[in-house]
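Please find below a short note for a first-year reader. It is best read with the sequence and the structure side by side.

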Amino acid sequence: MQIFQFSQDVQALLALGILALMFGFFLREVFPTEVVAIVAAAAMILLGLLPIDKATAVLSNTAPWTIAMMFIVMGALVRT
């Protein structure tokens, strides 16, 4: 289900705009990086820039899970 219908040019500009906002938030460190990344991914899904089947297909890959577990282990090591 796609809520919005944009032309390819508008989709490209929206994606670049979201990436620029992400970059700005990463530099300013207003919010944690995880929050910025999740909000940006959610915005891309809601705007129809990222198909939901492609977004959920990432979860079947082991690489993101490995990186997530590395963050957990690193956080535990920092606190010990």
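The numbered points below take up a pocket, a helix and a pair of rings in turn.

1. The model under discussion is predicted. The positions and values in the points that follow should be read as features of a predicted model.

2. The largest pocket has a volume of about 360 Å³. Its lining consists of Thr 33, Glu 34, Ala 37, Ile 38, Ala 41, Ile 45, Leu 50, Ala 55 and Phe 71. Sorted by class, these lining residues are 7 nonpolar, 1 polar and 1 charged.

3. Which helix gives the most to the lining of the largest pocket? Helix H2, which covers residues 33-46, does so with 6 residues.

4. Helix H4 runs over residues 62-79 and has 18 residues. From its first C-alpha to its last, H4 reaches 26 Å, close to the 26 Å expected at 1.5 Å a residue. The N-terminal end of H4 is capped by Asn 61. In this cap, a side-chain oxygen of Asn 61 lies 3.2 Å from the backbone nitrogen of Ala 63.

5. A search of the whole structure finds 1 aromatic pair. The pair is formed by Phe 25 and Phe 31, with 5.7 Å centre to centre and 55° between the planes, and is tilted.

6. Are the two members of this pair, Phe 25 and Phe 31, buried or exposed? Phe 25 has a relative accessible area of 34%, so this residue is partly exposed. Phe 31 also counts as partly exposed, because its relative accessibility is 45% and the partly exposed class lies between 20% and 50%.

Notes:
Residues numbered from 1 in each chain as written. Predicted model: local features only at pLDDT ≥ 70, side-chain atom pairs only at ≥ 80, totals over all residues. Heavy atoms only, no water. Phe/Tyr/Trp six-rings, centres within 6.5 Å; stacked < 30°, edge-to-face > 60°. Buried < 20%, exposed > 50% of the residue type's maximum accessible area, 1.4 Å probe, protein only. Helix = DSSP H or I, 4+ residues; strand = E, 2+ residues; numbered from the N terminus. Expected span 1.5 Å × (residues − 1). Polar contact = N/O pair within 3.5 Å; in protein donor to acceptor, adjacent residues only side chain to side chain. 1 Å grid on protein atoms, 1.4 Å probe; cavity = no way out; pocket = protein on both sides within 12 Å on 5 of 7 lines; lining within 4 Å. Points joined across faces, edges and corners; volume = space filled by probe spheres on them. Nonpolar A, V, L, I, M, F, W, Y, C, P; charged D, E, K, R; others polar.
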